[in-house]
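Visitor: I would like a close look at a single part of a structure. Please keep the answer plain and explain the terms as you go.

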Amino acid sequence: MSTSGEGAGSKPGVKPDIKGFLPDEMRDFLVEMGEPSYRATQVFSWIHRKGVSSLDEMTNIPLALRRRIGEVARITNLEIISRRLGAEGTVKYLLGLADGNCVEAVRMKYGYGTSACVSTQVGCKMGCAFCASGVGGFVRNLGPGEIVDQVLKMNADFAPAPQEGSRVGWVVLMGTGEPLDNYGASVKALRILNAKEGLNLSFRRMTVSTCGLVPGMRRLAEEGIPVTLSVSLHAPTDDLRDEIMPINKRYPIPELMEAASFYAGRTGRRVTFEYALIRGVNDGPEQASQLAGLLRGMLAHVNLIPLNPVTEKGFQRSSRETTMRFFAILKRARIPVSVRRELGLDIDAACGQLRRRYCR
Ligand code: SAH
C-alpha cells in the first residue's frame, strides 16, 4: 500500500491530460511550444472556468495552435452515464472514464451552498468491512484531471438552468477510493480547483477524508494547504477497529490520533472524525464513552453517520434511539458532535453502491 504514489495519470506513451495541469505546468507546456504565456491563462480558464472539454470550443485560441495541442496532449472528458435525483437536491452521478471504467460523484445542496463529493480511485484497496467501494477490489488511481472533471461536470450540468448557489463551492474527497493512497493526484486536483485562473475555490472549503494512512496525514499537514482533514474512525478501540478496518493493523489508533493531533497543530484546523453507527457493533454507550475519552482535549469534531446498509456486507444501521443515546454521551462529555444529515440513501449515494450496481 503506497501513500506516496504520485498517480499523476501520465504513463509513457500516453498523451498528458491538460485538464490535470496546474497553471504553471500549462504555462511551461505552451511556452515550450513557442507560445506566449498568456495563452496558458486562456486555455486554463477555458477548461476550468468555462468548463469546456474540447479544443474546438476555445474560440480565441488560433486553430493551428489548437491542432498542435491536440497532437501532443488530450483533455479528460468524463461522460455522464447516469444522473439520479434524490431528496433535497442531492444528485448522484455515474461518470464514465476514457478507458471504460466509471466512478461516482455526488452533488449535495446545503443551506450554505453546493458541495461535491468526488472519487479519487476506481475501487479501493482498504477493505473496510462496511463499505461498498472495495467490494470489487482496486482498479486504478484517478489522474488529477479526472478528479477535477467530476466537479466541472457537476457545474456544467447545472449551467443551462443555474439556481442560486448551484455552482460547486465545497469539495470533499469522500467518494470512492482513499485520497491519501493517491496522494499526488488528489493534492494536485485540490490545487487546480484552488487556482485563481480557474474555479478559485478556497482550500478552507475542501475536505480530505482518510481511513487513516498516517504517513499521508503527516505529509498533508506539511503541504501548506489548509484543507479540513476528516478521519474515518468508526471505532474507539484497536480491537474493534482491527475487525472492521484492516488499515488499523498497520496504523493503530494511538498512531492515528498522534497524526491527527499533528495535523490540527500544524494547520490550526479542527479535525473531523467520522463515525458510522453500525447496529450492535460500535454503537453502545461504552463505545461512546471510550470515544469521548479518546478525543478529550483535542481540536476535534465528531460526525455521526447513519450507516448506509450495503447488501453485500450484512451490517445494519443503528436505531434512532441508539444514535441519540450515543450523541448525548458525547455531548455530555463536551465533545463537539453532529449527526450527518442523511443524504442519498434513496439514490444509493453511499460509497460505491451505484457503481457496483451498474458498472462492473
Ligand atoms: N477512503 C476515505 C474516503 C472515502 S470513504 C475514507 O475512508 O475516509 C468516505 C466515508 O464514507 C468514510 O468515512 C467511510 O468510512 C464512509 N463509509 C463507507 N461505507 C459506508 C457506509 N456503508 N455507510 C456510511 N458511511 C460509509
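Visitor: What is the mean pLDDT of the chain? After that, please look closely at the surroundings of the ligand.

Guide: This is a predicted model, in which local features need pLDDT of at least 70 and side-chain atom pairs count only at pLDDT 80 or more, while totals for chains, interfaces and linings use all residues. Residues are numbered from 1 along each chain as its sequence is written, and side-chain values use heavy atoms, with hydrogens and water left out.

The mean pLDDT (the predictor's confidence in each residue, from 0 to 100) is 90 for the chain, and 91% of its residues reach 70 or more. Residues 1–9 have a pLDDT below 50. Where pLDDT is low, the predicted coordinates should not be read in detail.

Now the ligand. It is surrounded by 17 residues, where a residue is near if one of its heavy atoms lies within 4 Å. Gly 177, Ser 209, Ser 232, His 234 and Asn 308 are the closest. The shell consists of 8 nonpolar, 7 polar and 2 charged residues; here Ala, Val, Leu, Ile, Met, Phe, Trp, Tyr, Cys and Pro are nonpolar, Asp, Glu, Lys and Arg charged, and the others, Gly among them, polar.

Some polar contacts (pairs of N or O atoms within 3.5 Å; within protein, one must be able to donate a hydrogen and the other to accept it, and residues adjacent in sequence count only if both atoms are side-chain atoms) can be named. Phe 130 has a polar backbone atom 3.0 Å from a ligand nitrogen. Glu 178 places a polar side-chain atom 3.0 Å from a nitrogen of the ligand. A backbone N or O atom of Cys 211 is 3.4 Å from a ligand oxygen. Of the 530 Å² of accessible area (Shrake-Rupley method, 1.4 Å probe; for residues, only the protein chains shown count as cover) that the ligand has on its own, the protein covers 96%.

Conventions: Contact means heavy atoms within 4.5 Å.
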